[in-house]
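Let's take a friendly tour of a protein and its ligand. The structure comes first, and the details follow.

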Amino acid sequence: MDTVVQQYLERYGVSEATRRFLAKPQKMFIGGRWLESGDGQFFDSVEPSTEGVITRIPAGTVDDLDHAVAAARAQFDGGQWRRLKPLERERLLHRLADLIEANAIELAELEAIDMGKSVASARDVDIQGTVDTFRYFAGWASKLHGRTVEPSLPGNYLAYTRKEPIGVVGAIVPWNFPLQTMAWKLAAALAVGCTTVVKPAELTSLSTLRFAELVQEAGIPDGVVNIVTGRGSVVGAAMATHPGIDKLTFTGSTPVGRNVGRAALDSIKRVTLELGGKSPVLVLDDADLAAAARAVANGVFFNSGQVCDAGTRAYVHRSVYDAFLDELIAYTATLKIAPGLDPDCFISPLVSALQKDRVVSYIDTGRREGAELVHGGHALQGPGYYVEPTIFAHCRNDMNIVREEIFGPVLVTAPFDDIDDALAQANDSPFGLAAAIYSNDLGRVHGLIPRLHAGSVYVNAHSTIDPAMPFGGFKESGFGKDLGPEQLDHLMETKAVWITLP
Ligand code: NAD
């Protein structure tokens, strides 16, 4: 570990457990064993506020992936996991949830150190969300069933359906909510009896490797969960075509997701794609402007804007546009920019130098395109990949900063004249992940909800996520759902059984 990172951890007094974990050589978790990559290669994991190296992560190879898929396959085909009594599987998943909860501080610290995010939000959102997701799906293990059917066909039959786990599930995970997104993929898969191979994002593998230790401690059989760290272009790409993987669940950007989906379909894998977003926010003229401004700022700047369903396009009724911008700017100016381990941090550094450069280049594009910069607009002097929360006014829907996902703390805004104009601007996007409405006029709100092309609609709120509610996009934001009972159907095959009766 670089000295700057050591000093950073000392300054904020991270837990002894976190120090111990970071001092260990990191290994992949395959078939219940801890392994280096087959060719002994590593890559560095970098702490985003100091730019110092935290530790080295094994750069998994295609052979390592084969090994992991073989372990998952052997457990699925001949092992005990899918044959456990449902209540036993449920009990083990609850035990895992309890262990995650018991180690929440350490996991939140790892998330903050590895990804750069606020440790407080990592604890309250990422890790709590992970615990909740495992608890919610643990309960489903004992509540899965098919149905019996009375056929109209001549003859006498017993006809029924069986729900069967799909098999080996490959999960490719992004870096913005590393553990929570992994939980969104794993918890349901494990509950229905699937086995899994997970590839965390190369920028943020640490919490997933610590999670693997908890999987072992919980007594979940070897081969049920396998973690292969490594590059997307190597391990991820090989997962998409791997014949031993029955279902691929991918969360990440739309361009990568498109290629992954195409490759997966070649072998007719089942696929879920949770992709990018550029979610619109409508502020109607009756909204409580101060409350809406706070919520809109939180909805776009949370996690420094590195949130798939961030409300990045705000369309505001012309009659309140200027007053809303004043409130928004005043509130945004109060958000503390600080390293992730600072307990009061709201705007943390972005995950990497590449991401910072990408966001800064979009801000430059916005200026060139003629959008009016009304707040922020700069990267901070290093070290640290900080970008100020940035607000553009009077944007047009043909600007790149309005059409493309920036994935950083950048909000574009524009006025609208009436509801049809607001809807036309909101729906004019290739993405359809989420949308938000700020208004207290229930009639207008209910009229708008069915007309918004989005997988989630938030009213007077943003990114309210719960494991009981499905999450997933329309249009180029992907297909399939994570969370909610809806996810279970994407992880099970339905078998139709016909028995001729005498
Ligand atoms: P990314 O697409 O670059 O990477 C996502 C994952 O795919 C990583 O694990 C990466 O290693 C892997 N990958 C990269 N190249 C690959 C390839 N050729 N084949 C297979 N896998 C490959 O995305 P990111 O930068 O990690 O995450 C940010 C993106 O994720 C944003 O677009 C964001 O909107 C999206 N996201 C979507 C959701 C959702 O639920 N819809 C949630 C979180 C993030």
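## Setting the scene

Helices (H or I, at least four residues) and strands (E, at least two) are taken here as DSSP runs, numbered from the N terminus. Please keep in mind that this is a predicted model.

With that naming in hand, we can look at what surrounds the ligand. Helix H9 (232-241), strand E10 (247-251) and helix H10 (254-266) each contribute at least two residues to the shell around the ligand. H9 provides the largest share, with 3 residues.

## The shell around the ligand

In total, 27 residues surround the ligand, and the closest are Val173, Glu202, Ser253, Leu275 and Glu405. Sorted by class, the shell has 15 nonpolar, 8 polar and 4 charged residues.

Which domains does the shell draw on? At least three residues come from each of domain 1 (3-275 + 478-495) and domain 2 (280-474). As for the site itself, the ligand takes up the space of the largest pocket.

## Polar contacts and burial

Let's zoom in on the oxygen atoms of the ligand. A polar side-chain atom of Ser253 lies 2.6 Å from one ligand oxygen atom, and for Lys199 a polar side-chain atom is found 2.9 Å from an oxygen atom of the ligand. Val173 takes part through its backbone instead: one of its N or O atoms lies 2.7 Å from a ligand oxygen atom. On its own the ligand exposes 840 Å², and the protein buries 86% of that.

## Two backbone spots to check

Most residues other than glycine have a negative phi, and most peptide bonds are trans. Two places in this model are worth a look with that in mind.

One is the peptide bond from Gly382 to Pro383, which is cis, with omega near 0 degrees. Pro383 sits in the loop between strand E14 (372-375) and strand E15 (390-393).

The other is Glu51, which is not a glycine yet has a positive phi of about 65 degrees. Glu51 belongs to the loop between strand E3 (42-46) and strand E4 (53-58).

Key: Residues numbered from 1 in each chain as written. Predicted model: local features only at pLDDT ≥ 70, side-chain atom pairs only at ≥ 80, totals over all residues. Heavy atoms only, no water. Near = heavy atom within 4 Å. Polar contact = N/O pair within 3.5 Å; in protein donor to acceptor, adjacent residues only side chain to side chain. Areas by Shrake-Rupley, 256 points an atom, 1.4 Å probe, with all protein chains shown as cover. 1 Å grid on protein atoms, 1.4 Å probe; cavity = no way out; pocket = protein on both sides within 12 Å on 5 of 7 lines; lining within 4 Å. Sits in = over half its atoms within 2 Å of the grid points. Nonpolar A, V, L, I, M, F, W, Y, C, P; charged D, E, K, R; others polar. Domains from an automatic or database assignment.
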